[in-house]
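Me: Got a model here. Can we go through the empty space inside?

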Amino acid sequence: MYFWNLFASFVFRCFSLQGIINFYESWTFRTSRVLSIILRIGECSYATFFDSCVQEQLVSVDEPLSSAEIADWENASIVGRDRRPSHCTLYSFRTVDECISFWKGGGLWNERINLANVQNLNGTWKFKLLKNPRAISDEFTLSNFSDTFWAEIPVPANWQCKGWDRPIYTNFQYPFPLHPPVARTSIKLGIDAGVLCENCVHATNPTGLYRRTFQLDMDWNESYERTFIVFEGVDAAFHIWINGQLVGYSQDSKMTAEFDVSDSLQSGTNLVVVRVYRWCDGSYLEDQDQWWLSGIFRDVYLYRKRASHICDYSVQTECCDWQSGTWELRVGIEICDTANAYFNNDNKRLRVRLFDSSLREISTGTTDKFLIQHYSPDFGTTQEKNIEEVRQYANVCFNISNVAEWSSERPTLYLLAIILESESGECLDCEGCRVGFRTVQIFNKQLLVNEKRITFQGVNRHEHCPVEGKAVSEKLMIEDILLMKRNNFNAVRTSHYPNHPRFYELCDEYGLYVIDEANIETHGFEFGLHSTPYLANDPVWRNAYMSRVSRMVQRDKNHCSIIIWSLGNESGCGGAHFAMYSWVKQNDKTRPIQYEGGGFKTKCTDIICPMYATPKICQDLASQMDDRPVILCEYSHAMGNSNGGLAKYWEVFRSNRSAQGGFIWDLIDQGLNCSTNGRIHWGYGGDFGDSPNDKQFCINGLVFPDRSPHPAMEEVKYLQQPTMIRAQGDKIIVENRYHFTNLECMKFDWCVILDSGFILKKGQFSKLHIQPGAETSYEWSQLFPSLSSLAQLVQRKQFVFGEWWIDVSASFIKHQSWIPEGVSIAKCQLMLPQQKVPVPGSLNSEAAIHIEHLSDAIWVTSQDSTYVFNAASGRLLKFQFRGEMLIQSGPIASLWRAPTDNDSGGWIFSFAERWAKAGLDTLHEHEEAVETFVDNFGRFHCASKLVLRTAQKKTVCRLCSHYTVLASGHLNVTCTFDLSPHLPPLPRIGVLMQCRATMQQVEWLGLGPHENYLDRKSSAFLGRHSATVDDLHVPYIVPSDNGARQEVRWLALESSASGNKCLFTSKENFNFNASNFSDAELARANHQHDLQRSDSIHVHLDTFQMGLGGDCSWFPCVHSEFLAPARKRFTFTFVIAGVGGNENPSDVFQELRFSRDTVELTSS
């Protein structure tokens, strides 16, 4: 590490930071032909030298590495045994009426697993954790085995979230030594219960044993010859036994596994036993940026079918005539017969019925023509049991007129029912799903839905619950979808694996475009910041890759919400990827495919989908000669206090039609509930004793784990909002950003507000007929009162103010499925022409100022205010108003902030590292000169010169502070900062004061109400806002600088004891932070519960604070326009004043900001 630091320092000295960033971008996004060749050579070399240089030795292994028979879970060529071929989600309805009733009720999952032909196996199971799979004989699978002393565990659940084993978080490093296909490690865990159990062992592959019994009635198999057991998700692999008989094996933790258990069941009591392995060879393909959690974490259930039944079907829609709304519906149906049923030669027919959204039947089709279908198991699945069944295939097609299309804005769904009938008309089987009519295509460098270009307002979403881990309930799925919709997201990427089947049904229903992603990531096989195709180029692993993408497509193919398939994430680009791309293209021609690995030039993606490309690179990629659109698979990394510069992306998305948006990383902070000294908090990597770990890199969501939003969500919502209103001369322009919806459905509430906070007038307009993607110009008076009438109203009421504006809020006129009527979905602010404010004369200019010189301090009293200055340094020590202490430590220079995650990203190139090297966090003041005098107007002046030096005596800044006590009792402060050359970009330039701890109520005129920074303030509107100091604090899981407010005109902190206020204002707008925690404390603490509250309020007043950045979190990414200007001198002038409890800070502000005293002082 020392060598690398030395090398990096050398590079930093030889090249500018911008040069290093340019190289990083060229390397990362392969925009340089030379660097791309070097990278390709590096990838090939990685594979060549892996065995000798990269592969790691297994440690603490108490299992044989090789044996006569390779274990399924360490065999890369086996991904399943006797597992049924993948198919769409089946419901096994008894009748059409049951199908209609089910979907009429919303298709709730709890109802689904309790249908007549389904038996729910969720609930309490017996459980025992072993240190490895061979730590017990197979006797535990037998019915007479006693599990009396085993513990109990709920299913679905991750066992780490129930007290066994420990969660592990890594970003891309594997938690076990690289030795494919063997995945073993040495984890110290308690095998009984509790992460910190004293009875700990070293586990090479923690293995969970599950047992439960269930009852089957005598009539379960009457007329229903086939029974299947379904596991919707088991991490990472498992074997299953029924009544002592081995049924099969499966891996791919995020995909449905189904087994035929017809011959293993019996009437009465049945026993199901499952052995779950924490690690398997498939774990090498599941190296996603998430928690490694294990167990049966999705639903388990049985369903039964007749000897002849529907075993799969596919639904495709195609528009025949957009003008008339005529569409073709094609349904391909696969039926399965037992050998006896087939050779009995019972004539059967298929009937397909289509119902509209009101469940009125609108079309039907039938067929009795079937073709024999070859039985084909999934890739990598061995079929060891004799399959005595015949599969047949049939197609039903028909046209429908006046179709209501499906889109994210108008998710109209139809109900499709498929009935398999006997010759006599008896219903043998019934399946059904909801269908949306839509098309997807790429044309002219644009992705089109229903032949219209759309902008992806997307977000990446992990399945995550802070309590249950990956066991996400239907309720939480709906909460996430409503959260996305209400914040103007129209798309979601299932990063980085297929989700629970119910999630797609909900996306169909509520309207979200989905990128469905295969459960593939091999990021840990990395070279030079790029994942390599080491496994993808190995033929032994080919079936494992193919299985994962083909099973996803087979299961999820009928969901209209899925408009793009993804081949996985960060796995290089090798032979397996081209094979997957080819297979998907052959089996589904209705959707494009995306894959980011290999760079934008790779041919196994229909979309240029880079991650974390800067706005400039997005613009360049969209402008090149390529027929593919640019859609960012990941951008704007939301790690902690982040998402700065998001508006720059949207400038590109709205100006270049080939740059079609992207997916923010990501939606949810992946914090898990953790207990430290009896306190529950959200933990991240390392908090559970997990090693290796990648610390807080899982804490990068737009919402906290409990789904409460970060302030950045306001910015996202605003930039993605469906309408915008702006003034253009004497016209008002209303823009409709919807793709399919007229603005007639919305209403707009407006109010005219003065800078005092007074609402002058309010009203509403609605039913604006503006077509999707269009904008309309209106006369001012068509939407709002004329400016002349507003001016007359102001004059008549004799209001005094400096600024005024119109706030507009847009909402739906009628209730939508995802948002009630009247809830704001968009907002705008229109600034009105500034009023000319007369400048008052000097305030109380004849009042005397009393000055008292003591040995160590100078006390200056004017009116009700007393200021105490240090006699030696000239610094303001304290401020009292009407005998009450308001400021207990006066202004000191502040050039540092508690680093955010983005500030800390980038090794020695990071802002935080360079600030620390410059000593900005350890500055000390050294007095140079002090001068005090009273001018001809009786005003008291105190001028001081200080030098700010580091602990190594290096000068960073020379500060000249000039205090002027006015006869009005107010204090004018002018600070001049002369910065030393060669400083890194400064995080802030301003002063820090400490106010009394009782002054918890804060009010300000500036941007708000939520936290905002220089590069994340588009959504923050000018207004008179209020909050408590605790409210201003944003509890980012890893503490950092937070709570800033920009463009502030005045700030007031109110004493709870007296109601007196300490007012700060300036002729120029300033920024502020007010916190109950010091900067040093915010930088020290690793969690919110670690923070030690101060005995005073820390108030920052800044003339400048740099932006947050957000393009990524691992390299300096604050755009140049959001960094401190290059000049070395900054002057900041502000006023401190006391305001009585019965006085209005806004009135005092008007007097202060425009009084002759203040104007003269600030201009001199």
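Reply: Here is a short run through the cavities and their linings. This is a predicted model, where local features need pLDDT of at least 70, side-chain atom pairs count only at pLDDT 80 or more, and totals for chains, interfaces and linings use all residues. Residues are numbered from 1 along each chain, and side-chain values use heavy atoms, without hydrogens and water.

Me: How many cavities of 30 Å³ or more are there?
Reply: The whole structure has 7. A cavity is a set of points, on a 1 Å grid over the protein atoms alone, where a 1.4 Å probe fits but cannot get out.

Me: How much space is in the largest cavity?
Reply: About 180 Å³. Volume is the space filled by probe spheres set on the points, which are joined across faces, edges and corners.

Me: Which residues lie nearest its centre?
Reply: His 87, Cys 88, Thr 256, Glu 258 and Arg 555, out of 21 lining residues. Lining means an atom within 4 Å of a point. β13 (257-260), β17 (300-305) and α9 (542-556) each give two or more. Helices (H or I, at least four residues) and strands (E, at least two) are DSSP runs.

Me: Which domains supply the lining of the largest cavity?
Reply: Domain 1 (80-174 + 202-305) and domain 3 (473-670 + 707-718) each give at least three residues. The bounds come from an automatic or database domain assignment.

Me: And the second largest cavity, how much space?
Reply: About 140 Å³. Of its 14 lining residues, Tyr 91, Cys 433, Glu 505, Asn 558 and His 559 are closest to the centre. α9 supplies at least two residues here, as do β26 (427-435) and α8 (501-510).

Technical notes:
1 Å grid on protein atoms, 1.4 Å probe; cavity = no way out; pocket = protein on both sides within 12 Å on 5 of 7 lines; lining within 4 Å.
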